[in-house]
Amino acid sequence: MGEGEWLVIDTLSDTPTVIAAGSRARKWRPLANVYRGSSLAMVQKLVGVVVDNLKDSQTLVDLTPGTRLAYARPILGPQRHVHAVMVWLGAKETNPPPPPRAIGWTWELRDGFPEPVTSAGVASFYGLAEDRDPTLTELLSTATGVSELVDLLAAVEGIEEGQVGTGELPIIRPDGRITRVRYAFRCVRGTDGLAIQGISHELADHVESRGESLPARILSAVGSAGELYPALVHRVSGRVLAWLAKPPVHLPPAVIRGVAAAPVPQYSAVLPGLPESVALSIF
């Protein structure tokens, strides 16, 4: 591990940690467990250069296997803060493969409802319109894996400072292509209270299995009948967290986008497996 594949290194804490190697997850693995000796020193220095300069960096270095090319690229979040650095190490004669598409993001926690902080590139990453900043509802409504979506909501419910989390979420692109996105986040205390700072990157080599996303497809089929519109709703605020099918056109845009509380649904229930703050509602 550590050569010939892109590593995603979290830099939000004082100790950089590896959270992914190629298509494999590495849950907060210390950098010293991946590299040794001169390789470790070189990667640490390269990460520091990228964090300080906010741009790609590369260098040739003489290591035990011979001269190696090291390449690093920042993953930027709001206000161009570096959330992570992608690093590739390989033979100097070899060009690194394209790095995975990745973004850094921040959600501020307000009354238990996460609010995304404006961040360039997030709309593009999820295939959403770039003429305005997407809401949390619009981001989560791209998910096509219901169980994975519930896992994410459960992970952020009641989160406390210092807690971390990782997971994967299949999302659907406007062209119908399904992509699996891996995310990692940590809860921090900012000037305005708690916030979740995270990194998401696309697993480019993921191939959708035939049975994947079946629950979401069933819900979409139900919604396409024009009678039922299932959604996950935040019980306290009444705002939609995610539409599990195409939302109804008769509702106000603010409700569809999760900015305003939704009207009383036809049906609502707190189901086993859902976080306590989330209800399954049918409009």
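1. Contacts across the sequence. In this predicted model, residues 24 or more positions apart account for 52% of the contacts in the chain with a separation of 6 or more. The chain holds six helices and 15 strands. Its radius of gyration is 20 Å, close to the 19 Å that the globule rule gives for 283 residues, so the chain is as compact as a globular protein of that length. Along the principal axes, the C-alpha trace spans about 65 × 45 × 35 Å.

2. Burial and surface. Of the 283 residues in the chain, 48% are buried. The accessible surface amounts to about 13,800 Å², and carbon and sulfur atoms contribute 52% of that area.

3. The five-stranded sheet. Five strands form an open sheet in the order E8-E7-E11-E10-E9, and their pairing is antiparallel. Strand E8 (113-116) and strand E9 (164-172) each have a single partner strand and stand at the edges, so one side of each is left without a neighbour in the sheet. From one strand to the next, the twist averages 30°. As general background, strands of a sheet pair through backbone hydrogen bonds, either parallel or antiparallel.

4. The E7-E11 pairing. Within this sheet, strand E7 (residues 102-110) pairs with strand E11 (residues 193-202) in the antiparallel sense, over seven bridges. A useful reference point for inspecting the register is Thr106, whose bridge partner in E11 is Gln197.

5. Surroundings of Glu115. Glu115 is located in strand E8, one of the two strands at the edges of the sheet. With residues up to four places away in sequence left out, Glu115 touches Thr106, Trp107, Glu108, Arg110 and Arg239. Thr106 thus appears twice in this account, as a contact of Glu115 and as the bridge partner of Gln197. With Arg239, the contact includes a polar one between the two side chains, at 2.8 Å.

6. Strands E4, E5 and E6. Strand E5 (residues 66-76) pairs in the antiparallel sense with strand E4 (residues 57-63) over seven bridges, and with strand E6 (residues 82-91) over nine bridges. Arg68 can be followed through both pairings: this E5 residue is the bridge partner of Val61, and it stands opposite Ala91 in E6.

7. The E5-E6 turn. Strands E5 and E6 form a hairpin with five residues between them, and Gln79 in the turn has a positive phi of about 55°. Arg80 belongs to the loop between E5 and E6 as well; its phi is also positive, at about 55°, although Arg80 is not a glycine. For comparison, most residues other than glycine have a negative phi.

8. Leu54. This residue lies in the loop between helix H1 (37-53) and E4. Leu54 is not a glycine, yet it has a positive phi of about 60°. Is its side of the chain buried or partly exposed? At 28% relative accessibility, Leu54 counts as partly exposed, because the buried class ends at 20% and the exposed class begins over 50%.

9. Helix H4. Helix H4 covers residues 146-156, and its buried positions are Glu148, Leu149, Val150, Leu152, Leu153 and Val156. A charged residue, Glu148, is therefore listed among those under the 20% limit for burial. Just after H4, Gly158 adopts a positive phi of about 65°.

Key: Residues are numbered from 1 along each chain as its sequence is written. This is a predicted model: local features need pLDDT of at least 70, side-chain atom pairs count only at pLDDT 80 or more; totals for chains, interfaces and linings use all residues. Side-chain values use heavy atoms; hydrogens and water are left out. Buried means under 20% relative accessible area, exposed over 50%, partly exposed in between (1.4 Å probe, protein chains only). Helices (H or I, at least four residues) and strands (E, at least two) are DSSP runs, numbered from the N terminus. Two strands pair if DSSP finds at least two bridges between them. Axes are lines fitted to C-alpha atoms, for helices over the stretch in contact, and angles run from 0 to 180 degrees between N-to-C directions. The radius of gyration is taken over C-alpha atoms; the globule rule is 2.2 Å times the number of residues to the power 0.38. Contact means heavy atoms within 4.5 Å. Accessible areas come from the Shrake-Rupley method with a 1.4 Å probe; for residues, only the protein chains shown count as cover. A polar contact is a pair of N or O atoms within 3.5 Å; within protein, one must be able to donate a hydrogen and the other to accept it, and residues adjacent in sequence count only if both atoms are side-chain atoms.
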